[in-house]
Amino acid sequence: MIIVMRKNAGEECIRRVCQVVEEAGLRVHISQGEEVVIVGVIGDRRKLNGKPIEVMEGVEKVVFITDPYKLASRLFNPVTTIVRVGDVEIGGEQFVLMAGPCAVESKEQLFEIAGFMKRLGVRILRGGAFKPRTSPYSFQGLGEEGLKILAEAREKFGLLIVTEVMSPEHVKIVSQYADILQIGTRNMQNFELLKAVGRCEKPVLLKRGLAATIDEWLAAADYIMNEGNFQVILCERGIRTFEQKTRNTLDLSAVAVVKQLSHLPVIVDPSHGTGISKLVPPMSRAALAAGADGLLIEVHSNPEKALSDGPQSLNFEQFEKLFEELRKIAPVVGKRL
Ligand code: PEP
Ligand code: MN
(Lines give C-alpha, C1' and ligand atoms only; values in the text may rest on other atoms or scores of the structure.)
(Ligands and ions follow the chains in the order given, each with its own letter.)
Protein backbone atom coordinates (compact mmCIF):
# COMPACT_ATOMS: atom_id res chain seq x y z
CA MET A 1 0.00 0.00 0.00
CA ILE A 2 1.22 3.51 -0.76
CA ILE A 3 -0.01 6.83 0.57
CA VAL A 4 0.32 9.62 -1.97
CA MET A 5 0.56 12.99 -0.25
CA ARG A 6 -0.87 16.20 -1.69
CA LYS A 7 1.62 18.49 -3.42
CA ASN A 8 1.32 21.10 -0.70
CA ALA A 9 1.31 18.68 2.24
CA GLY A 10 3.67 19.96 4.89
CA GLU A 11 6.21 17.95 6.89
CA GLU A 12 3.87 17.84 9.86
CA CYS A 13 1.15 16.08 7.80
CA ILE A 14 3.68 13.53 6.58
CA ARG A 15 4.95 12.96 10.09
CA ARG A 16 1.43 12.36 11.41
CA VAL A 17 0.66 9.84 8.66
CA CYS A 18 3.92 8.00 9.38
CA GLN A 19 3.10 7.97 13.05
CA VAL A 20 -0.28 6.30 12.51
CA VAL A 21 1.29 3.67 10.28
CA GLU A 22 4.17 2.95 12.65
CA GLU A 23 1.93 2.80 15.69
CA ALA A 24 0.03 0.02 13.93
CA GLY A 25 3.29 -1.96 13.84
CA LEU A 26 4.14 -1.30 10.18
CA ARG A 27 7.20 0.30 8.61
CA VAL A 28 7.29 3.30 6.28
CA HIS A 29 9.48 4.18 3.34
CA ILE A 30 9.35 7.80 2.25
CA SER A 31 10.07 8.62 -1.35
CA GLN A 32 10.58 12.28 -2.06
CA GLY A 33 9.94 12.88 -5.74
CA GLU A 34 10.14 16.25 -7.44
CA GLU A 35 6.36 16.41 -7.69
CA VAL A 36 4.98 14.31 -4.86
CA VAL A 37 5.92 12.60 -1.64
CA ILE A 38 4.95 8.96 -1.35
CA VAL A 39 4.74 7.15 1.95
CA GLY A 40 5.17 3.45 1.27
CA VAL A 41 3.75 1.09 3.87
CA ILE A 42 5.76 -2.07 4.49
CA GLY A 43 4.09 -5.04 6.15
CA ASP A 44 0.61 -6.47 6.43
CA ARG A 45 -1.75 -3.57 5.87
CA ARG A 46 -4.57 -5.36 7.72
CA LYS A 47 -2.75 -4.21 10.87
CA LEU A 48 -4.07 -0.74 10.10
CA ASN A 49 -7.46 -2.11 11.05
CA GLY A 50 -9.40 0.12 8.68
CA LYS A 51 -7.83 3.36 9.98
CA PRO A 52 -9.13 6.04 7.58
CA ILE A 53 -5.77 7.28 6.32
CA GLU A 54 -7.32 8.67 3.14
CA VAL A 55 -9.11 11.36 5.13
CA MET A 56 -6.04 12.51 7.04
CA GLU A 57 -4.81 16.00 6.34
CA GLY A 58 -2.44 16.24 3.38
CA VAL A 59 -3.31 12.83 1.94
CA GLU A 60 -4.16 12.78 -1.76
CA LYS A 61 -4.99 9.10 -2.08
CA VAL A 62 -4.21 5.60 -0.88
CA VAL A 63 -3.25 2.99 -3.48
CA PHE A 64 -3.20 -0.74 -2.79
CA ILE A 65 -0.37 -2.65 -4.47
CA THR A 66 -1.34 -6.15 -5.49
CA ASP A 67 2.03 -7.09 -7.01
CA PRO A 68 4.16 -9.57 -5.02
CA TYR A 69 6.83 -6.88 -4.71
CA LYS A 70 6.64 -3.38 -3.30
CA LEU A 71 10.06 -1.96 -2.49
CA ALA A 72 11.33 -2.62 -6.01
CA SER A 73 8.24 -1.05 -7.54
CA ARG A 74 8.15 2.32 -9.23
CA LEU A 75 4.76 2.92 -7.62
CA PHE A 76 6.39 2.66 -4.23
CA ASN A 77 9.43 4.68 -5.19
CA PRO A 78 9.11 6.73 -8.40
CA VAL A 79 12.64 8.09 -8.08
CA THR A 80 15.09 6.12 -10.23
CA THR A 81 17.71 4.41 -8.09
CA ILE A 82 21.36 4.98 -8.80
CA VAL A 83 23.67 2.45 -7.21
CA ARG A 84 27.07 3.96 -6.42
CA VAL A 85 30.13 1.74 -6.30
CA GLY A 86 33.30 3.71 -5.77
CA ASP A 87 32.98 6.52 -8.28
CA VAL A 88 30.88 4.44 -10.67
CA GLU A 89 27.15 5.15 -10.89
CA ILE A 90 24.87 2.37 -12.08
CA GLY A 91 21.38 3.41 -13.16
CA GLY A 92 22.17 6.94 -14.30
CA GLU A 93 23.63 8.28 -17.50
CA GLN A 94 26.73 6.13 -17.35
CA PHE A 95 26.67 2.85 -19.30
CA VAL A 96 28.63 0.55 -17.03
CA LEU A 97 30.72 -2.36 -18.25
CA MET A 98 31.57 -5.22 -15.92
CA ALA A 99 33.89 -7.64 -17.65
CA GLY A 100 36.32 -10.43 -16.93
CA PRO A 101 36.61 -14.19 -16.87
CA CYS A 102 33.82 -16.57 -15.89
CA ALA A 103 36.12 -17.92 -13.17
CA VAL A 104 39.32 -16.82 -11.49
CA GLU A 105 41.74 -19.55 -12.58
CA SER A 106 45.09 -18.23 -11.37
CA LYS A 107 46.77 -14.96 -10.44
CA GLU A 108 48.52 -14.78 -13.82
CA GLN A 109 45.26 -15.29 -15.70
CA LEU A 110 43.34 -12.69 -13.71
CA PHE A 111 46.12 -10.09 -13.74
CA GLU A 112 46.49 -10.37 -17.50
CA ILE A 113 42.76 -9.75 -17.96
CA ALA A 114 42.64 -7.03 -15.29
CA GLY A 115 45.54 -5.20 -16.92
CA PHE A 116 43.74 -5.26 -20.25
CA MET A 117 40.51 -3.93 -18.68
CA LYS A 118 42.41 -1.17 -16.95
CA ARG A 119 44.08 -0.05 -20.20
CA LEU A 120 40.70 0.01 -21.92
CA GLY A 121 39.02 2.03 -19.17
CA VAL A 122 36.65 -0.66 -17.87
CA ARG A 123 36.04 0.00 -14.16
CA ILE A 124 34.48 -3.21 -12.87
CA LEU A 125 36.19 -6.58 -13.08
CA ARG A 126 34.09 -9.73 -12.87
CA GLY A 127 35.36 -13.17 -11.91
CA GLY A 128 33.87 -16.11 -10.04
CA ALA A 129 35.66 -17.66 -7.06
CA PHE A 130 32.71 -19.79 -5.94
CA LYS A 131 31.28 -21.31 -9.10
CA PRO A 132 27.78 -22.78 -9.41
CA ARG A 133 28.59 -25.52 -11.93
CA THR A 134 25.89 -27.78 -13.33
CA SER A 135 28.08 -30.84 -12.87
CA PRO A 136 29.86 -31.53 -9.57
CA TYR A 137 32.81 -32.84 -11.61
CA SER A 138 33.44 -29.52 -13.38
CA PHE A 139 35.91 -26.93 -12.06
CA GLN A 140 34.28 -25.49 -8.93
CA GLY A 141 36.34 -22.30 -8.61
CA LEU A 142 39.24 -21.43 -6.32
CA GLY A 143 37.05 -20.37 -3.38
CA GLU A 144 38.73 -18.07 -0.88
CA GLU A 145 42.03 -18.20 -2.77
CA GLY A 146 40.13 -16.79 -5.77
CA LEU A 147 38.73 -13.98 -3.61
CA LYS A 148 42.26 -13.07 -2.51
CA ILE A 149 43.44 -12.92 -6.11
CA LEU A 150 40.48 -10.67 -6.96
CA ALA A 151 41.34 -8.39 -4.06
CA GLU A 152 44.97 -8.22 -5.21
CA ALA A 153 43.81 -7.27 -8.69
CA ARG A 154 41.64 -4.55 -7.20
CA GLU A 155 44.65 -3.08 -5.40
CA LYS A 156 47.09 -3.39 -8.25
CA PHE A 157 44.84 -2.13 -11.04
CA GLY A 158 42.40 0.10 -9.15
CA LEU A 159 39.38 -1.85 -10.41
CA LEU A 160 36.13 -2.63 -8.61
CA ILE A 161 35.21 -6.28 -8.15
CA VAL A 162 31.98 -8.17 -8.72
CA THR A 163 31.90 -11.82 -7.71
CA GLU A 164 29.30 -14.44 -6.87
CA VAL A 165 28.26 -15.58 -3.42
CA MET A 166 26.48 -18.93 -3.28
CA SER A 167 25.59 -19.50 0.34
CA PRO A 168 24.60 -17.45 3.40
CA GLU A 169 27.70 -18.66 5.29
CA HIS A 170 29.94 -17.10 2.65
CA VAL A 171 28.31 -13.66 2.58
CA LYS A 172 30.64 -12.26 5.22
CA ILE A 173 33.84 -13.40 3.63
CA VAL A 174 32.82 -12.51 0.06
CA SER A 175 31.79 -9.03 1.16
CA GLN A 176 35.23 -8.52 2.72
CA TYR A 177 36.79 -8.87 -0.73
CA ALA A 178 34.14 -7.77 -3.23
CA ASP A 179 32.62 -4.41 -4.14
CA ILE A 180 29.43 -5.97 -5.55
CA LEU A 181 27.96 -9.32 -4.51
CA GLN A 182 26.51 -11.36 -7.34
CA ILE A 183 23.54 -13.65 -6.80
CA GLY A 184 23.55 -16.19 -9.60
CA THR A 185 20.58 -17.36 -11.60
CA ARG A 186 20.33 -20.65 -9.70
CA ASN A 187 20.07 -18.82 -6.40
CA MET A 188 17.54 -16.15 -7.32
CA GLN A 189 15.00 -17.82 -5.06
CA ASN A 190 17.39 -18.93 -2.35
CA PHE A 191 15.54 -16.80 0.16
CA GLU A 192 17.96 -17.26 3.05
CA LEU A 193 20.80 -16.10 0.81
CA LEU A 194 18.75 -13.11 -0.38
CA LYS A 195 18.04 -12.14 3.22
CA ALA A 196 21.71 -12.54 4.15
CA VAL A 197 22.92 -10.19 1.39
CA GLY A 198 20.07 -7.87 2.34
CA ARG A 199 21.71 -7.49 5.75
CA CYS A 200 25.11 -6.55 4.40
CA GLU A 201 26.21 -3.19 3.12
CA LYS A 202 27.51 -4.07 -0.31
CA PRO A 203 25.53 -3.54 -3.53
CA VAL A 204 23.95 -6.73 -4.86
CA LEU A 205 23.75 -7.80 -8.49
CA LEU A 206 20.67 -10.00 -8.71
CA LYS A 207 20.51 -12.23 -11.76
CA ARG A 208 17.16 -13.32 -13.10
CA GLY A 209 16.39 -16.97 -12.33
CA LEU A 210 16.62 -19.25 -15.34
CA ALA A 211 12.92 -19.93 -15.27
CA ALA A 212 11.73 -16.90 -13.33
CA THR A 213 9.00 -14.52 -14.34
CA ILE A 214 9.65 -10.80 -14.04
CA ASP A 215 7.31 -10.66 -11.02
CA GLU A 216 9.29 -13.41 -9.28
CA TRP A 217 12.54 -11.62 -10.07
CA LEU A 218 11.29 -8.34 -8.60
CA ALA A 219 9.90 -10.17 -5.56
CA ALA A 220 13.41 -11.62 -5.06
CA ALA A 221 14.75 -8.04 -5.11
CA ASP A 222 12.20 -7.20 -2.40
CA TYR A 223 13.62 -9.98 -0.20
CA ILE A 224 16.97 -8.15 -0.28
CA MET A 225 15.52 -4.66 0.13
CA ASN A 226 13.19 -5.74 2.91
CA GLU A 227 16.30 -6.41 5.05
CA GLY A 228 17.46 -2.83 4.54
CA ASN A 229 19.80 -3.09 1.55
CA PHE A 230 18.39 -0.91 -1.24
CA GLN A 231 21.46 -1.14 -3.47
CA VAL A 232 20.16 -3.76 -5.87
CA ILE A 233 21.14 -4.06 -9.54
CA LEU A 234 19.02 -6.40 -11.65
CA CYS A 235 20.68 -8.52 -14.34
CA GLU A 236 18.87 -10.17 -17.24
CA ARG A 237 20.92 -13.24 -18.23
CA GLY A 238 18.59 -15.28 -20.40
CA ILE A 239 15.84 -17.71 -19.56
CA ARG A 240 15.07 -21.34 -20.44
CA THR A 241 12.86 -21.75 -23.46
CA PHE A 242 12.32 -24.44 -26.11
CA GLU A 243 14.99 -22.81 -28.31
CA GLN A 244 18.13 -24.93 -28.75
CA LYS A 245 20.28 -22.71 -30.92
CA THR A 246 21.35 -20.60 -27.97
CA ARG A 247 22.23 -21.65 -24.40
CA ASN A 248 19.40 -19.46 -23.07
CA THR A 249 16.95 -17.03 -24.61
CA LEU A 250 18.08 -13.52 -23.81
CA ASP A 251 14.90 -11.66 -22.91
CA LEU A 252 15.69 -8.09 -23.86
CA SER A 253 12.04 -7.13 -23.60
CA ALA A 254 12.46 -7.73 -19.87
CA VAL A 255 14.79 -4.72 -19.77
CA ALA A 256 12.07 -2.43 -21.09
CA VAL A 257 9.42 -4.02 -18.87
CA VAL A 258 11.56 -3.74 -15.74
CA LYS A 259 12.38 -0.12 -16.51
CA GLN A 260 8.65 0.61 -16.41
CA LEU A 261 7.83 -1.45 -13.34
CA SER A 262 10.86 -0.75 -11.20
CA HIS A 263 13.16 2.09 -10.19
CA LEU A 264 16.15 -0.26 -9.92
CA PRO A 265 19.02 -0.31 -12.43
CA VAL A 266 19.05 -3.21 -14.88
CA ILE A 267 22.03 -4.61 -16.73
CA VAL A 268 22.33 -7.43 -19.27
CA ASP A 269 24.60 -10.48 -19.41
CA PRO A 270 24.75 -11.46 -23.09
CA SER A 271 27.42 -14.12 -22.37
CA HIS A 272 25.19 -16.46 -20.37
CA GLY A 273 22.21 -15.10 -22.27
CA THR A 274 23.42 -16.64 -25.53
CA GLY A 275 26.26 -19.00 -24.63
CA ILE A 276 27.99 -18.19 -27.94
CA SER A 277 30.77 -15.60 -28.21
CA LYS A 278 29.78 -14.48 -31.73
CA LEU A 279 26.33 -13.51 -30.46
CA VAL A 280 27.67 -11.40 -27.61
CA PRO A 281 28.44 -8.22 -29.63
CA PRO A 282 25.05 -7.95 -31.39
CA MET A 283 23.15 -8.66 -28.16
CA SER A 284 25.31 -6.15 -26.29
CA ARG A 285 24.53 -3.44 -28.81
CA ALA A 286 20.84 -4.33 -28.61
CA ALA A 287 20.88 -4.23 -24.80
CA LEU A 288 22.32 -0.73 -24.84
CA ALA A 289 19.69 0.39 -27.33
CA ALA A 290 16.93 -1.26 -25.28
CA GLY A 291 17.75 0.92 -22.28
CA ALA A 292 20.01 -1.27 -20.14
CA ASP A 293 22.28 0.50 -17.65
CA GLY A 294 25.24 -1.72 -18.38
CA LEU A 295 26.59 -5.12 -19.36
CA LEU A 296 28.22 -8.07 -17.64
CA ILE A 297 30.49 -9.76 -20.18
CA GLU A 298 32.81 -12.74 -19.99
CA VAL A 299 36.26 -12.03 -21.40
CA HIS A 300 39.27 -14.36 -21.39
CA SER A 301 42.81 -13.97 -22.71
CA ASN A 302 42.51 -17.43 -24.25
CA PRO A 303 38.89 -18.59 -24.42
CA GLU A 304 39.84 -22.04 -25.81
CA LYS A 305 41.79 -22.74 -22.64
CA ALA A 306 39.21 -21.31 -20.20
CA LEU A 307 38.26 -23.64 -17.35
CA SER A 308 34.64 -22.57 -17.65
CA ASP A 309 32.40 -20.93 -20.25
CA GLY A 310 35.10 -20.59 -22.93
CA PRO A 311 32.62 -20.85 -25.84
CA GLN A 312 30.80 -17.71 -24.71
CA SER A 313 33.87 -15.69 -23.72
CA LEU A 314 35.23 -12.89 -25.89
CA ASN A 315 38.95 -12.62 -26.49
CA PHE A 316 40.69 -9.26 -26.04
CA GLU A 317 40.42 -8.24 -29.66
CA GLN A 318 36.68 -9.02 -29.83
CA PHE A 319 36.02 -7.17 -26.61
CA GLU A 320 37.96 -4.11 -27.66
CA LYS A 321 36.04 -3.94 -30.94
CA LEU A 322 32.74 -4.22 -29.08
CA PHE A 323 33.83 -1.54 -26.62
CA GLU A 324 34.46 0.90 -29.48
CA GLU A 325 31.06 0.10 -31.03
CA LEU A 326 29.27 0.66 -27.74
CA ARG A 327 31.10 3.93 -27.30
CA LYS A 328 29.63 5.14 -30.58
CA ILE A 329 26.08 3.99 -29.81
CA ALA A 330 25.91 5.22 -26.19
CA PRO A 331 25.45 8.97 -26.85
CA VAL A 332 22.76 8.25 -29.44
CA VAL A 333 20.61 6.61 -26.76
CA GLY A 334 21.43 9.14 -24.05
CA LYS A 335 24.15 7.19 -22.27
CA ARG A 336 27.77 7.91 -21.54
CA LEU A 337 30.56 5.35 -21.88
C1 PEP B 1 28.33 -16.23 -13.89
O2 PEP B 1 28.08 -15.03 -14.04
O3 PEP B 1 29.48 -16.68 -13.93
C4 PEP B 1 27.22 -17.19 -13.74
C5 PEP B 1 27.43 -18.39 -13.24
O6 PEP B 1 26.06 -16.71 -14.20
P7 PEP B 1 24.56 -17.29 -14.08
O8 PEP B 1 24.27 -17.36 -12.63
O9 PEP B 1 23.77 -16.28 -14.82
O10 PEP B 1 24.55 -18.63 -14.77
MN1 MN C 1 30.11 -18.14 -16.62
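## Exercises on the pocket and ligand 1

In this predicted model, the lining of the largest pocket divides into 2 nonpolar, 5 polar and 10 charged residues. Let's work outward from there.

**Exercise 1.** Describe the largest pocket: what is its volume, and which residues lie nearest its centre?

*Solution.*
- Begin with the space itself: the volume comes to about 200 Å³.
- Next, take the lining, which is made up of 17 residues.
- Finally, look toward the centre, where Lys 131, Pro 132, Arg 186, His 272 and Asp 309 lie nearest.

**Exercise 2.** Find where ligand 1 sits, and list the classes of residue in the shell around it.

*Solution.*
- Ligand 1 is placed in the largest pocket.
- Around ligand 1 there are 13 residues, and those that come nearest are Arg 126, Lys 131, Thr 185, Lys 207 and Arg 237.
- Sorted by class, this shell holds 7 charged, 4 polar and 2 nonpolar residues.

**Exercise 3.** Work out which polar side-chain atoms of Lys 131, Gln 182 and Arg 186 pair with ligand 1, and at what distances.

*Solution.*
- Use 3.5 Å as the cut-off for a pair of N or O atoms.
- For Lys 131, a side-chain N or O atom is 2.8 Å from an oxygen atom of ligand 1.
- For Gln 182, a polar side-chain atom lies 2.9 Å from a ligand 1 oxygen.
- For Arg 186, the distance from a side-chain N or O atom to an oxygen atom of ligand 1 is 3.2 Å.
- To finish, consider cover: on its own, ligand 1 has 300 Å² of accessible area, and the protein covers 97% of that.

Key: Residues numbered from 1 in each chain as written. Chains lettered and ligands numbered in written order. Predicted model: local features only at pLDDT ≥ 70, side-chain atom pairs only at ≥ 80, totals over all residues. Heavy atoms only, no water. Near = heavy atom within 4 Å. Polar contact = N/O pair within 3.5 Å; in protein donor to acceptor, adjacent residues only side chain to side chain. Areas by Shrake-Rupley, 256 points an atom, 1.4 Å probe, with all protein chains shown as cover. 1 Å grid on protein atoms, 1.4 Å probe; cavity = no way out; pocket = protein on both sides within 12 Å on 5 of 7 lines; lining within 4 Å. Sits in = over half its atoms within 2 Å of the grid points. Nonpolar A, V, L, I, M, F, W, Y, C, P; charged D, E, K, R; others polar. Points joined across faces, edges and corners; volume = space filled by probe spheres on them.
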